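Here are a few notes to help you find your way around a structure that is new to you. Have the viewer open as you read, and take the points in order.

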Amino acid sequence: MIVITTPTGRIGGRLLDILLNDSPTCGDELRVIVRDPARLPDAVRERVDIVTGSHGDAEVVDRAFAGADAVFWVAPSASPTPSLDDMYSGFTRAAAKAFTTHGVGHVVGVSALGRGTSVAGRAGHVTASLAMDDLIASTGVAYRALANPTFMDNLLGQAASIRDNGVFTQTFAADRAAPLAATRDIAAAAAGLLLDRSWTGTGEVPVLGPENLSPNDMARIMSEVLGRPVRYRRQSLDDCRAALAGSGAGDALVAGYSDMMRAKDDGLDDGVRRTPETASPTTFREWCEQTLKPEVQA
């Protein structure tokens with residue numbers, strides 16, 4: 001049995017689709033933990049075992065992990081929280097105990113690049129995510145952390161600005177190239193690990209995308225794919241913090257995001273070399289054609 005958390009999320013939902021529809025050799029029963037089962041498509045609800053509730057709740061994970069061989073783990077990153085430690089490790093503690101209680105063999109988690117870099121200890125969300133990885137690994141379960149850079153899919157939150165103003169914003173230097181990954185490739189990496197559970201011990205699986213791109217590179221590619229000019233506007237960290245606070249984000253989230261963005265500009269995502277094993281297949285151009293363009297044109 002494989003248990004999937006966040007089955008309605010961008011990564012968890014795609015993972016569930018892969019396991020249900022793209023993996024003919026998958027002989028595992030699938031169980032999902034979801035707050036609102038109605039958010040799952042009817043065809044999915046008919047084919048999976050559903051545990052309703054939050055996967056941060058001890059009673060919920062105790063029920064969900066009974067009989068489980070493997071778990072896909074994501075700590076939600078948008079809920080109100082007093083601290084980043086509470087958001088990641090605090091949210092995960094009940095699950096970590098349940099991994100041991102129920103003898104779960106393998107866990108795959110969504111995490112971040114940065115371990116071993118000089119800025120890993122002051123990188124906000126990433127620092128907290130790496131501490132969560134350590135917590136899970138300390139249980140003795142076989143664990144693989146998917147070490148991810150910035151998601152291409154984050155740009156979907158700016159689809160209206162790209163459509164209406166021809167502008168997208170980030171906090172990075174315009175010419176600073178860095179890895180980008182499509183969430184569908186992260187889901188595919190998770191599926192591979194969950195289906196072939198011959199691995200042991202703990203470690204990271206980087207998902208780096210096929211190339212490093214700067215914001216200027218991204219603007220050029222988006223312009224070509226969308227057939228209209230798109231330009232990059234760098235946002236200061238002060239303006240970023242103000243925008244987050246204005247949207248209702250709490251102090252811990254605002255500070256954590258700002259620290260993460262600063263660390264990324266200082267090389268947080270540069271510590272892993274791209275190889276055939278660490279590269280993922282979806283190019284930014286392909287992602288723009290298949291994902292961003294339909295959203296902008298909607």
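The points below go from the sheet to one of its strands, then to the helices across it, and end with a single loop residue.

1. **The model.** Please keep in mind that this is a predicted model. Residue numbers start from 1 along each chain.

2. **The sheet.** A good place to begin is the open sheet of 7 strands, with parallel pairing and the order β3-β2-β1-β4-β5-β6-β10. Its edge strands are β3 (49–52) and β10 (202–206), each of which pairs on one side only. From one strand to the next, the twist averages 20 degrees.

3. **The β3 end.** At this edge, strand β2 (residues 30–34) runs parallel to β3, and 4 bridges join the two. If you would like a residue pair to look for, Arg31 stands opposite Asp49 in β3.

4. **Strand β5 and its neighbours.** Strand β4 (residues 70–73) is joined to β5 by 4 bridges, and the two run parallel; here Phe72 has Val108 in β5 as its bridge partner. With strand β6 (residues 142–148), β5 pairs over 7 bridges, again in the parallel sense. In that pairing, Ser111 is matched with Ala147 in β6.

5. **How enclosed is β5?** Is strand β5 (residues 106–112) buried or exposed? Look at its two faces: on one side, His106, Val108, Val110 and Ala112 are buried, and on the other Val107, Gly109 and Ser111 are buried too. Buried here means under 20% relative accessible area. Since 7 of the 7 residues of β5 are buried, the strand is largely enclosed by the rest of the structure.

6. **Helices across the sheet.** Helix α1 (residues 10–22) lies across β1 (2–5), β2, β4 and β5, and runs at about 150 degrees to β1. Helix α5 lies across β4, β5, β6 and β10, at about 165 degrees to β5. You can also follow the chain through β5, helix α5 (residues 125–137) and β6, which make a right-handed β-α-β unit.

7. **A loop residue, Thr282.** Lastly, look at the loop between α10 (251–265) and α11 (284–297), where Thr282 lies. Why does Thr282 count as buried? Its relative accessibility is 5%, and the cut-off for buried is under 20%. Leaving aside residues up to four places away in sequence, Thr282 touches Met152, Ala182, Arg184, Asp185, Pro210 and Trp287. With Arg184 there is also a polar contact, side chain to side chain, at 3.2 Å.

Key
This is a predicted model: local features need pLDDT of at least 70, side-chain atom pairs count only at pLDDT 80 or more; totals for chains, interfaces and linings use all residues. Side-chain values use heavy atoms; hydrogens and water are left out. Buried means under 20% relative accessible area, exposed over 50%, partly exposed in between (1.4 Å probe, protein chains only). Two strands pair if DSSP finds at least two bridges between them. A crossover is right-handed if, with the strands pointing away from the viewer, the path from the first strand over the helix to the second runs clockwise. Axes are lines fitted to C-alpha atoms, for helices over the stretch in contact, and angles run from 0 to 180 degrees between N-to-C directions. Contact means heavy atoms within 4.5 Å. A polar contact is a pair of N or O atoms within 3.5 Å; within protein, one must be able to donate a hydrogen and the other to accept it, and residues adjacent in sequence count only if both atoms are side-chain atoms.
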